[in-house]
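Please look through the sequence and the model shown here. The questions that follow take up helix packing, then single residues and cysteines.

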Amino acid sequence: MSFVPDLLKGKRAIVTGGATGIGSHIVRKLGQLGANVGIISRRQESLQTAVKSFAADDNLEVHYQVGDVRKETVIQAAVASLADKMGGLDIMVCNAAGNFICPTENLSANGWRTVIDIDLNGTFHSCKAALPYLKEATDGGRIISISTSQANTGWPTAAHAGAAKAGIQNLMQSLAVEWGPYGIRANWITPGPIEGTEGVERLITAQGRTDEVLEKIPLGHFGNGEDIANAVVYLASTTGRYVSGTELAVDGAARWGRI
Ligand code: COA
């Protein structure tokens, strides 16, 4: 399964939360297709480990900046620094997220606020920081946010994350309209359960829900990181040039099985 080599040659991309999980698959795929990629994450150590493995496994030189998406000015500076290193920015992937399982009746106001802050406010900060550069992108800037199937159905025991992701989806629709005249496309991907991610391990495997969840996925198996990365490439490349303000579900039809 592959795209035309060099499909993204000359493009510059930033992936928040790109050091681990789905984000790292997106980084590899964009880099393999010729894009220059920068990543932002909270922890210096995981950034350094990731950058080493991108170089060792895929011969990719990935730039990085430490930054917590909750902090507007920090993200502004991190995006500016990466964009300056790469000579601009064409693709902003808002992937950084935080989550934990907690029944809503036990969830503290700070727990709620923390996840809204990382997921929703973090996406807002990332988009705002990217805007001046995306306006200058040669054939149109692109914003791709990583949401989740449960944003459309409610997320019992993770209501904070469900609400944050639903907010992200609504934000993408607004930006598609407001920033469309700048040539910017804003879309989101709703991954279903993706094997090997911390999300599936903590939220499904560790809860002993694997068989129950698999039964509800019409295609009968979990997705993998490459499935999501391929969807990002479609939206990021000229193949998706008339697609904006919409969702691309990559979930094996899990949304209709209501996991
Ligand atoms: N259950 C209930 N409440 C929780 C919780 C849990 N499992 N984890 C955190 N909280 C609450 C804390 O109790 C705190 O609220 P309080 O002050 O009222 O007690 C609030 O959330 C903030 O927690 P804190 O640990 O200080 O926040 P943080 O900024 O250090 O980390 C996360 C927040 C979301 C990143 C952290 O929970 C985490 O590490 N999650 C796992 C990693 C992750 O999210 N990966 C993303 C892939 S799904």
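Q: Are H1 and H8 roughly parallel or oblique to each other?
A: The axes of H1 and H8, which are lines fitted to C-alpha atoms over the stretch in contact, with angles running from 0 to 180 degrees between N-to-C directions, come within 8 Å and cross at roughly 55°. Angles under 35 degrees count as roughly parallel, over 145 as roughly antiparallel, 65 to 115 as roughly perpendicular and the rest as oblique. H1 and H8 are therefore oblique.

Q: On what kind of model, and with which numbering and atoms, do these answers rest?
A: Residues are numbered from 1 along each chain as its sequence is written, and side-chain values use heavy atoms, with hydrogens and water left out. Local features need pLDDT of at least 70 and side-chain atom pairs count only at pLDDT 80 or more, while totals for chains, interfaces and linings use all residues, and the model is predicted.

Q: How many nonpolar residues does the contact of H1 with H8 have?
A: Helices (H or I, at least four residues) and strands (E, at least two) are DSSP runs numbered from the N terminus, and H1 passes H8 in a right-handed crossing (right-handed if the near helix is turned clockwise from the far one by less than a right angle, left-handed if anticlockwise). Ile22, His25, Ile26, Lys29 and Leu30 of H1 meet Gly225, Glu226, Ile228, Ala229, Asn230, Val232 and Val233 of H8, where contact means heavy atoms within 4.5 Å. With Ala, Val, Leu, Ile, Met, Phe, Trp, Tyr, Cys and Pro counted as nonpolar, Asp, Glu, Lys and Arg as charged, and the others, Gly among them, as polar, this contact has three polar, two charged and seven nonpolar residues.

Q: Which residues of H2 make the contact with H1?
A: The axes of H1 (residues 21–32) and H2 (residues 44–58) come within 11 Å and cross at roughly 45°, and the two helices are therefore oblique to each other. The crossing of H1 past H2 is right-handed. On the H1 side the contact is made by Ser24, Val27, Arg28 and Gln32, and on the H2 side by Ser53, Phe54, Asp57 and Asp58.

Q: Are H4 and H5 roughly parallel or roughly antiparallel to each other?
A: Helix H4 (residues 109–135) and helix H5 (residues 159–178) have axes 8 Å apart and pack at an angle of about 20°. Their crossing is right-handed, and the contact has 14 nonpolar, four polar and two charged residues. Among the residues of H4 that meet H5 are Trp112, Ile116 and Phe124, and H5 contributes residues including Ile168, Leu171 and Met172. H4 and H5 are therefore roughly parallel.

Q: Is Gly38 buried or exposed?
A: Gly38 has its place in strand E2 (residues 36–41). Leaving aside residues up to four places away in sequence, Gly38 touches Ala13, Ile14, Val15, His63, Leu82 and Met86. Its relative accessible area is 0%, and under 20% means buried, over 50% exposed and in between partly exposed (1.4 Å probe, protein chains only), so Gly38 is buried.

Q: What is the phi of Asn59 near?
A: Asn59 lies in the loop between H2 and strand E3 (63–66), and with a relative accessible area of 71% Asn59 is exposed. Most residues other than glycine have a negative phi. Asn59 has a positive value in a residue other than glycine, near 55°.

Q: Where does Ala253 lie?
A: Ala253 also has a positive phi in a residue other than glycine, near 70°. At 25% relative accessibility, Ala253 counts as partly exposed. Ala253 lies in the loop between strand E7 (247–250) and helix H9 (254–257).

Q: How far away is the nearest cysteine sulfur to that of Cys94?
A: A disulfide is a pair of cysteine sulfur atoms within 2.5 Å, and a search of the whole structure finds zero disulfides. Cys94 is in no disulfide, and its nearest cysteine sulfur, that of Cys127, is away by 3.9 Å.
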